Structures are given as structure tokens and as C-alpha cells.
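Work through the two exercises below with the structure in view. Each solution goes step by step.

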Amino acid sequence: MIVEENKKTTISQILSTQVIWQALIAGSLFPLISWVVEIIRMHVSFTFSGLYQIHKNNPVLWIMDLIPLLVIGLAYIIDRKRKSEKQIFDEQINERDARLNTMAEFSKQIGEGNYNVDLDVTSSQDFLGHSLLMMRDNLLANHKKESEENWIAAGKENISEILRIHNKIETLADQVIAMLVNYVDVVQGAMYIFDEDKKVLFNVATYAYNRKKYITQEFRLGYGLIGQCAYEMEYIYRTEIPEDYVSITSGILGDQKPQSILLIPLISDEKLQGVLEFASVKAGIPELTIRFLIELGEIIARTVFNLKVTHRTEQLLKESQEMTIELRENEEQLRQNAEEMRATQEELKKSNEQLESKVLEVENAQKRLYSLLENASEVISIYDENMVLVYESPSVTKILGFTPEEMMGGKDMDRLTRKGENSMRNMFKQLLESPAEPVSIQYTYMKKNGQKIFLETTGRNLLEDPAIKGIILNSTDITERKRAEREERLKSKMQSLSENSLDMIIRLSTVGQFFYANPMVEHFLGIEPKELINKTLNEIEISDVLFNYFRETIDAIKAYPNKTNHELTVPAVFDNVQCERIMSFAAIPEFNENELETILFVGHDITEAKQIELEIQDKNRKIEDSINYAQRIQTSILPDIRIVRESLPKSFIYYKPRDVVSGDFPWFFRRGDEIFIAAVDCTGHGVPGALLSFVGYFLLNSIVDHERKLSASEICDMLHFGVRKTLKQELEDAEARDGMDIAFCKINHINKEVQFAGAHRPLYLLRDGELTEFKGDRKAIGGIPHRKKEEENFTNYIINYKRGDKIFFFSDGLPDQLGGPEDKKYSPKRIREIISENNTIPIEKFSNLFASDFEKWKGDGKQIDDVLLIGIEF
């Protein structure tokens with residue numbers, strides 16, 4: 001550095017000398033030129049005397065002679081100034097070189113991973129220094145984030161290794177809790193598994209102060225912090241510990257109550273699998289640890305679910321193996337029985353051979369008797385005293401369809417009704433009590449072809465007869481006789497009914513001749529029934545309405561012999577008062593051997609029924625008018641999509657009420673730079689839901705229409721208490737449990753911010769093709785308050801949106817709609833899939849996309865609830 005400085009100084013001295021000589025030469029030119037001009041003008045020689053002569057004659061030359069000195073002085077002054085400026089510039093260069101060397105060393109330290117190195121930046125104009133400090137801070141933040149992610153990944157890897165090698169829930173739980181307690185630096189941990197059959201959580205592993213604890217505990221859903229975490233399926237983190245919470249015992253610390261606890265639900269496919277519990281004597285649990293345990297909870301939940309399924313499968317396999325062993329034992333027993341049966345069959349074969357000779361002797365006699373019995377008109381049966389059939393005549397096949405063998409096998413009683421069986425038993429009882437008196441009974445019997453017939457059986461007790469030695473029954477088919485008797489009874493009964501009927505009953509021939517008329521006819525025709533018999537329509541005077549109806553109906557039935565129905569207004573006389581009655585006539589064709597013989601006209605007075613029907617129609621019309629008017633009122637207060645798009649140009653509202661009026665409604669309000677929009681789902685639908693929607697609409701308008709700045713969650717809290725107050729749900733004897741679900745958004749385009757709060761309703765954010773769900777709180781707006789449980793405020797989510805982000809929120813009518821090939825719910829999963837699969841289309845096209853998919857899913861089924869879906873693109 002010193003050599004370089006000396007070199008620069010030498011060069012500077014040489015340059016200064018050169019400048020002076022150049023100035024001297026340049027300055028000398030002026031007097032020389034002046035001398036030459038004067039010498040030429042005065043014609044003198046270039047000598048000292050000549051120079052003196054010209055200076056004497058022109059004194060100005062003396063001044064010109066001073067010019068070289070002036071030039072040298074001026075050059076010297078300029079050179080000194082240049083040297084001074086150069087010195088200042090060199091100092092600045094040296095200072096900047098030193099600063100750059102300092103910054104280079106600072107950058108080198110950062111590059112080597114030393115993020116604690118500092119750089120002195122005193123000037124606000126030192127942009128490079130500020131940039132390096134900002135780079136150090138960003139690298140430090142990234143290093144911290146990377147360390148956190150590596151810590152989480154290492155923990156997940158350790159847990160995954162434990163989950164992989166253990167296939168028993170108890171062993172797995174012990175290893176997991178032991179590892180997590182040490183890894184996240186807490187003093188106690190426990191795992192609870194949810195028993196779906198008993199609906200309880202039971203403790204499977206507890207670990208504290210590096211030792212396993214043998215504790216048995218059970219919690220029902222909703223009871224205690226464990227039950228509450230399981231019921232809400234949300235993690236619980238508390239630093240205010242209940243008084244009844246367990247103390248931690250240590251040989252070093254003694255009995256000490258934990259300062260913070262964390263409960264993590266184990267959820268797989270939206271189903272509860274268990275709960276993790278951690279306690280720490282420190283004042284708080286780091287947010288990184290909480291995030292790590294929440295993410296780990298999903299992995300553990302899936303493994304627990306798989307182990308439950310594996311355990312159940314092993315149980316089924318064990319049962320199957322036990323059944324296989326039992327079947328093998330039974331198979332061996334059956335084989336032994338078969339051997340015994342084979343030996344028995346051989347003995348029977350020998351006995352049959354001995355009987356064959358005897359059978360041949362009676363065979364011819366039986367053939368003759370069989371021929372006679374087969375063609376008999378009755379069935380002959382012989383029973384012993386125990387009511388066991390010992391003989392059936394061959395005629396049973398022709399009469400009942402069963403073979404004698406089938407009857408002997410039990411068909412004699414199987415085809416009887418309970419009443420027939422009781423009659424048969426009573427007959428046997430009487431025959432045994434009075435052997436000399438025959439007994440006859442009648443009963444129904446089901447033939448082999450399924451036809452039901454009537455039998456008349458006469459029984460005689462011939463137990464003492466050596467040829468019979470039994471009770472003989474003679475059974476005859478009396479179905480045709482029964483049918484004739486029944487028809488006669490029905491005819492008499494029909495005659496009696498029609499004579500006393502309030503309906504007008506007339507039987508006409510195909511030419512219009514009266515065969516029958518009941519007494520009610522006189523009120524409508526003005527002629528006594530007995531005077532009508534055998535007369536034709538043309539021979540009597542009746543109203544034109546009835547005459548034309550009878551004539552046209554006869555012609556129509558003759559052409560097409562089918563039953564017809566008509567309503568007519570006909571004149572009538574009741575209590576000597578002329579009136580008109582509305583009659584419903586049924587014309588029934590009657591056949592004889594497939595030929596149309598007569599037509600039966602039955603006229604029923606429906607005047608009162610028609611009047612009631614008209615009154616009901618009038619009331620229904622008034623109700624419909626009221627509902628339609630309510631629809632106009634509701635429609636008038638709902639936001640028009642054109643007004644919404646003035647503030648939110650890229651948006652849509654898919655709104656499909658189930659009835660004329662709806663319990664779901666979109667709500668929109670703008671005040672200054674703030675935009676409020678919500679999807680509200682009131683309890684019920686139709687008129688009740690619409691009435692509750694007015695309460696929600698005006699309460700929301702009242703809450704946001706003031707100067708106070710409220711967050712989305714604060715507005716939901718105020719709406720919650722406003723609904724309770726309006727419906728008087730805070731009273732001790734309150735019964736109205738009505739309320740509403742809501743997805744509420746507050747949008748500020750200036751800050752590019754969306755605030756969201758939800759009651760049972762989520763919000764979906766679509767950003768760069770990825771879908772994120774913001775879950776609403778698990779409580780509704782309104783409802784009777786829980787007297788023993790303090791309510792928590794609604795959660796306020798803040799989303800800093802970017803250009804191209806899309807948000808979606810909806811009521812439960814869309815995911816709850818039944819349909820599809822298996823008649824299942826539309827489901828939130830299907831909504832997410834449609835949004836993700838169509839993430840590049842404009843937001844306005846989602847309205848038609850969801851509308852067509854919803855109709856396709858619903859198919860011919862009924863819409864079960866109101867449907868509301870709102871989408872916004874920024």
C-alpha cells in the first residue's frame with residue numbers, strides 16, 4: 001500500500017513539472033510572436049539591440065513579455081487545486097474501499113452461517129448496508145423456519161418409525177407417548193382411545209418424568225376436558241388450569257399442578273379415534289410444538305384407525321379358524337353316522353327281501369281295490385285313535401291333487417286352516433266319546449295347485465271293526481254347492497243393502513229398460529221405483545240431463561264395455577223442496593256368459609263434499625296469495641346480483657329455495673371502504689324459515705349500520721345475542737330453540753383483507769390451484785344458552801387476499817341434498833372436488849356449473865332444503 005502511495009506521489013510530481021513546462025512554452029509563444037511581428041514591421045535585426053529597439057517603440061511588448069510568467073502562475077494555481085481535489089477524491093475512494101471490505105467481510109460471515117454478526121450502519125443513505133442487514137434478517141428468519149421444519153420432520157420421522165414397527169395399540173401408545181413427552185419437553189403425556197360401541201374414551205398409556213404410569217381412566221363425550229376435546233373434535237390449549245385437574249408428582253419438584261395443558265383430538269376421515277393429552281409445568285407450550293402435535297395427530301389417528309381395523313380382522317379370522325375346526329369335528333361325526341347308516345341299510349335290505357314274497361300275494365287284490373277307490377267321487381281316509389293317517393284312497397289324487405303317499409306324509413293336516421284343524425280335532429274327540437254316532441263337518445282345504453275348495457267330511461268310529469281298526473272319514477268336494485249358496489246369500493244381501501242405501505241405484509238393459517230401481521230414485525226421477533220396472537227410458541218423463549246421460553252411457557258401454565264415471569248436476573226433490581244436487585255416477589257393465597246383459601248405475605250425492613272442496617280451494621288460494629306476497633317482500637329485501645357486482649365485479653350467487661319462501665338468504669351491505677356479505681341459513685324452511693330470516697336480516701343491518709368498527713366475529717357475536725333477545729331465549733322457561741347458521745365475510749379492498757367468521761359453516765379459499773378450508777365455530781347463532789357452560793366468542797379469521805384468489809361459502813342445503821346413484825348426500829367433499837377440478841375457470845361460471853351438477857345429482861328426487869352458494873374472485 002505504501003509503495004503504491006509513493007508511486008502515486010512520484011507520478012503526481014512528474015505530471016506537475018510537465019504542466020509547468022507546457023504552460024511556460026505556451027506562454028512564451030505570445031511574446032515571441034509579438035517580437036517577430038514588430039521586427040518585420042520595423043525592419044530590424046533579431047538581436048538584443050533590435051529587441052530593445054522594438055520594446056522602446058512599443059511598450060505593450062513589455063506587457064506581452066509578462067504573459068509567460070502569468071501563464072506559469074495560473075498553471076501552478078490550477079495544478080495545486082487539482083492536487084487538492086484529487087487528494088479529497090483519493091480519501092473518498094479509500095474510505096469506500098474500507099467500507100466495501102467491511103461489507104464483504106460481513107457477507108462472508110453470513111455466508112458461513114454466522115447470522116449474529118453485526119454491521120454498523122449510521123447513515124440513512126447507506127442503502128447497501130441496510131440491504132445487507134435486511135438480507136441477514138431474512139436469512140436468519142429462513143434459517144429459523146428451516147430449523148423448525150427440520151425439527152417437525154425429525155419428530156414425524158421418529159413417530160413414523162414407531163408407528164411402523166408396532167401393531168398393538170397399547171404398545172404403540174406407550175412408545176408414542178414416551179417419545180413425544182421427551183421430544184416436546186413436557187413432563188406428562190397420555191393417550192386415550194375412543195370406543196365407538198361404548199361411546200367412551202379410555203386411557204391406554206400415561207408417561208411422566210421419564211417413567212410409564214399405570215392409570216385407568218374413562219371419559220364420556222362432552223365430560224371433562226378430555227370429553228370436551230373429543231366432542232368438539234378441536235384441540236384445546238389452556239394456561240388456566242381447572243382446580244380439579246390432576247397434580248404432577250416428582251421426587252425433585254414434589255406435588256405440582258401443571259401450568260399449561262394441551263389436548264389434541266385424533267381424527268381420521270372426520271371420525272374421532274382418540275385424544276392426546278400433554279401437561280407442562282412451564283407457563284406455556286410453544287406454538288411450534290402445538291402445530292407439530294396437531295399435524296402429528298392426523299398421522300397417529302390414521303394408524304390407530306388401521307390398527308382397529310386390523311384387530312377386528314384378526315378377531316374375525318380367529319373366529320373363522322375356530323369354526324373351521326368345529327366343522328372338521330362335525331365332519332368326522334357325520335362320517336361315523338354314515339357308517340352306522342350303511343350297516344342299518346344292509347339289515348333293511350335283508351328284511352325287504354323277506355317281505356317281497358308276501359307283498360306279491362296281496363298285490364293282485366290291491367290292484368282291484370285300487371281301481372275302485374281311484375274312481376270314487378269321495379276321498380276315503382282311515383286314522384288311528386291318535387289322529388294319525390294310516391290309509392288314503394287313490395281318489396285323493398283326482399280330488400285334491402296329492403298322491404296318497406304325500407297325504408300320508410302330513411299333507412292331510414298341513415293344508416288345513418287353523419279353523420279346519422280345530423274342527424277336525426273336535427270331530428275326532430266326539431267320535432271317541434260317542435263311537436256309535438257319525439259326525440259331519442265342513443272346512444276349507446288347499447289343493448296341490450293352490451286352489452281353495454270346501455270339503456264335507458263324515459266320520460265313523462270303526463276301531464272295533466277288525467277289518468278297519470280305525471276311524472274312517474269320507475270326504476266330498478262341496479265347493480260348487482257352497483258357491484251356489486253364497487251367490488244366493490249375496491244376492492239377498494245386495495238387495496237389502498241397495499234398498500236402504502242413500503245412493504241412487506238403477507239397473508238398465510242395453511236398450512234402456514228398467515230392471516231395478518231403489519227407493520232413492522224417486523227423489524231424482526219423481527217416479528216410484530215399482531212404476532219404473534220393465535219400462536224404457538223413452539216411456540217415462542225425466543230431466544234431460546239424466547235422460548241424455550243414461551242414453552249416451554249405454555251407447556258408450558255397448559261400444560267399449562268398461563266401467564265409466566261422470567259427475568252431473570241434476571234436479572231433485574227433498575222434503576218437498578226443489579233443489580239441485582251434484583251426483584257422481586258410476587256405470588258398471590254386467591255380463592252373462594261373456595255377453596253384456598245389463599248396466600248398473602250407482603249415483604252418489606257429493607254436493608256437500610263439493611262445497612267443502614270449494615271452501616278448501618278458496619282457503620288454499622288465500623294461503624297461496626299470502627305466501628306469494630311474503631315472497632315478494634322477501635325478494636325485495638334480498639340483494640340483487642347487479643348491486644353486489646358493483647362492489648364485487650367478479651362474483652355470483654346460486655340461490656335455490658325449496659319452497660316459495662326460503663329460510664336461507666344472501667345478505668349484502670356496504671359502508672365506505674368496507675363490504676359485508678354473508679350466507680345465512682335459518683332454522684327450517686318455507687314460511688317458518690322466512691319469518692326467522694327477517695329477524696336475521698334486520699338485526700344484521702342494525703349491527704353494521706353505525707360508525708363503530710367491528711370485526712366479522714364481533715358482528716356474529718352481536719347477532720348471536722340479538723337473536724336470543726328477540727326470541728326471548730334467555731328466559732328460564734324459554735322453549736324456542738330456533739336460530740341460524742352463517743358464513744360471514746367483511747371485505748376491505750384498500751387493505752386487501754377478508755375477515756371471516758362462521759357458525760357451523762366453513763369458507764373455502766382457492767389460491768394458486770390449492771384449496772384451503774377455514775372451519776366455522778361449532779355453535780349456531782341464537783338458541784337457548786347452556787346454563788352451566790360459558791360460551792366462547794366466534795373465531796375471527798383474517799385472510800390477506802391476492803389477485804386471482806377465489807372464496808366460496810354456502811348453506812347446508814347443498815351438501816345435505818340426497819341423490820346420486822346410491823342416494824347419498826351431495827357432501828362438502830364433492831363441493832371441494834368441483835372447485836379444485838375447475839380452478840382455472842372464471843368465478844361467474846361456477847354458478848351454472850354447480851346448478852347443473854346439483855340438478856343432475858338430485859335427479860327425480862325431492863329437494864330437501866333451501867340451497868345458497870356465494871363465490872367471489874379478487
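**Two helix pairs**

The axes of helix H15 (residues 607-637) and helix H17 (residues 686-704) come within 11 Å and cross at roughly 30°. This is a predicted model, in which local features need pLDDT of at least 70 and side-chain atom pairs count only at pLDDT 80 or more, while totals for chains, interfaces and linings use all residues. Residues are numbered from 1 along each chain as its sequence is written, and side-chain values use heavy atoms, with hydrogens and water left out.

**Exercise 1.** Classify how H15 and H17 are oriented to each other, and list the residues of their contact.

Step 1. Angles under 35 degrees count as roughly parallel, over 145 as roughly antiparallel, 65 to 115 as roughly perpendicular and the rest as oblique. H15 and H17 are therefore roughly parallel.

Step 2. Contact means heavy atoms within 4.5 Å. From H15, Ile-627, Ile-633, Gln-634 and Ile-637 meet Val-687, Ala-690, Ser-693, Phe-694 and Tyr-697 of H17.

Step 3. Sorted by class, this contact of H15 with H17 holds 7 nonpolar, 2 polar and no charged residues.

**Exercise 2.** Do the same for H19 and H20.

Step 1. The axes of H19 (residues 828-837) and H20 (residues 845-858) come within 12 Å, crossing at roughly 140°. H19 and H20 are therefore oblique to each other.

Step 2. On the H19 side, the contact is made by Arg-830, Ile-831, Ile-834 and Ile-835; on the H20 side, by Phe-846, Leu-849, Phe-850, Asp-853 and Trp-857.

Step 3. The contact of H19 with H20 divides into 7 nonpolar, no polar and 2 charged residues. Here Ala, Val, Leu, Ile, Met, Phe, Trp, Tyr, Cys and Pro count as nonpolar, Asp, Glu, Lys and Arg as charged, and the others, Gly among them, as polar.

Definitions and conventions. Axes are lines fitted to C-alpha atoms, for helices over the stretch in contact, and angles run from 0 to 180 degrees between N-to-C directions. Helices (H or I, at least four residues) and strands (E, at least two) are DSSP runs, numbered from the N terminus.
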